[in-house]
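Got your viewer open? Load the model and keep the selection tool handy; we'll go from one pairing of strands out to the whole chain.

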Amino acid sequence: MLNQFMQSRLRGLIVLAVILYTIPAFLSNPFHYDLATQMAIIAATVVGLNLLVGFAGQISLGHAGFFGLGAYFTGIMTGNYGWSAIPALVVGGILVGILAWVVGRPILRLKGHYLSMATLAVGFIIAIVINNESQITGGPDGMPVPPFDVFGWELSPFGSYSLFGIELNGSQAWYLFAAAVLLVAVWLAQNLIDSPIGRALRSVHGSEVAARVVGVNTARYKSLVFVISAIYASVMGGLYAHFQGFITPAVASFDFSIVLITMVVLGGMGSTMGVILGAVVLKLLPQVLTHFQEMEAVMFGLILMLTMIFMPKGLLPTLQMAVSKRLKKRAGGQA
Amino acid sequence: MSALIEVSGLDKAFGGVHAVEGVSFSVEAGQVYSVIGPNGAGKTTLFNLISGIYTPTKGEIRLNGESTDRLEPNQLAERGMCRTFQQMQICMNMTAIENVMLGRHLKLKSNLFSTLFRLPSLLRDEKSCRQHAQDLMEFVGCGEYLDTEASAMSYGALKRLEIARALAAEPKVILLDEPAAGLNGTETAALEDLIRKIADQGTTVMLVEHDMKLVMGISDRLLVLNYGRVLAEGTPEEIRNNPDVIAAYLGG
């Protein structure tokens, strides 16, 4: 039984790896690679947010705040203080985690809309601070960020690299790296969900009172998952900053928070692979709908609404259900 | 022998309405102790008070000699108290066995590190937890539902599943709130057997129930509530012959 379970867990991860590493066959120019890299980083952020929203059932409307904090912390430490990227990402993640813990304790006592409002406020405060502290952050003009580096070795979108004798340009190298990061993010998230801690988290969503009478300290678990999802956002924000080489307060904006939550809802709350699909679709959409650029927020709102009405379970779970229904029908027809 | 649960002068008011008023009784370890009374007598409120879901307006509840004042339900679970609900509380977003495994939450020592990296120690714990949960599901008679989504199970099976979840924590005392409600004759008979088996294992059982036949058959002692007050307390024999009870409840 357990073996079967292990296999099914690994299967998802392997399928994802195969998809991620065959995608380059369809990408022809650096612009495509850049877009795919952005998708991978955002998808990993959304995988973390899904732990909070999809599994524990707590809505955060301020997650871009944590993403932005991670991005700016890394940008400032590597740019102004000469830190290396890895320590900046780690320390940034820890600090954002602590911040999430401190604000999360009182916030997570609130339920439903109040919790959403409180996280919304936290996101706004972070965005305002980033906008106003222009001496450190560059304010609305943004700030440059040095390339990602490990022990003096730099990963820049403009560099050129060779991996096992294959020549790669910077954009390709970044994509391969971001895809690996996404795989690790998914692996960690799946490990968390499929564990006693994950059960406790899902029970908070399923029936909080049941969770409490079997001994789950629900307040503690809600804080824990809030912190974990904030750390995901912070680290991914940092990577995003290195990849883009330039960040503006938009990374911490309310709009971006809404985009993140829309990705979770569209892809399928509680489905790790689903939310990745959600991230891909919503990242592609603006490219397809360039004519509606000014209407982007409206489009996102519309998508969110239509999803809630017609596919409350989200894109991937709905597709999976439709497929399995059809398979069953076919099997029934043959019998 | 000291009492496992000791309730003294318990009072719970919702606004001006006293749902429970001046209730005192004690439950010895190993007993099957039932609370009966007409609808609205305050039985479920009493259970919610004992299990820490409500805070008493007045009075005190002691579990194993310790006052449960200010203890959260999860802290009571740590002290060996588990319960089921009249309105079932099953996590519909999980499979049947995951619900039971959730019940073992307190027995699992998992830390974030071994969880995130899925270390062998965690896998070992999970395997034994799953085995235990499977045994319990067979014990309560829903062994055929192991990996069924809870949302796809029948009402009767869910009722038994909830008992399995409560037992998974290996509680000293289990509170069952109307376990027979909505069950047919056969299912009720099976439930009676199950409660006996639980009691025979040494677990103290507190029961709120409407089914008089069931209650009279398995209880060591009974508490009769009426309008939030204690009408009578005693063995099934004493209750059956108590004129107040006959007048108020049995409709004699």
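This is a predicted model, so treat every stop as a look at computed coordinates. Start by selecting E6 and strand E7 (residues 173-177) in chain B: the two run parallel, joined by 3 bridges. Zoom in on B:Met81, and you'll find B:Val173 of E7(B) standing opposite.

Now add the other strands of the sheet. Which order do they come in? Going across, you read E6-E7-E8-E3-E9-E10 in chain B, 6 strands in an open sheet with mixed pairing. Color strand E6 (81-83) and strand E10 (229-234) of chain B next: these are the edges, and each has a single partner strand, so one side of each is left without a neighbour in the sheet. Tilt the view to catch the twist, which averages 15° from one strand to the next.

Next, show helix H7 (residues 185-200) of chain B. H7 packs on the sheet, where it touches strand E3 (32-36), E7 and strand E8 (204-208) of chain B. Its direction makes about 150° with that of E8(B).

Time to zoom out and select the whole of chain B. Cartoon view gives you 10 helices and 10 strands. Along the principal axes, the C-alpha atoms fill a box of roughly 65 × 40 × 35 Å. The radius of gyration is 19 Å, which agrees with the value near 18 Å for a compact globule of 252 residues.

Finally, color by burial: 44% of the 252 residues in chain B count as buried. If you plot a contact map too, take the contacts in chain B between residues at least 6 apart in sequence; 66% of them join residues at least 24 apart.

Methods: Residues numbered from 1 in each chain as written. Chains lettered and ligands numbered in written order. Predicted model: local features only at pLDDT ≥ 70, side-chain atom pairs only at ≥ 80, totals over all residues. Pairing = 2+ DSSP bridges. Helix = DSSP H or I, 4+ residues; strand = E, 2+ residues; numbered from the N terminus. Axes fitted to C-alpha atoms, helices over the stretch in contact; angles between N-to-C directions. Contact = placed C-beta atoms within 7 Å. Rg over C-alpha atoms; globule rule 2.2 N^0.38 Å. Buried ≥ 20, exposed ≤ 12 C-beta atoms within 10 Å, placed from the backbone.
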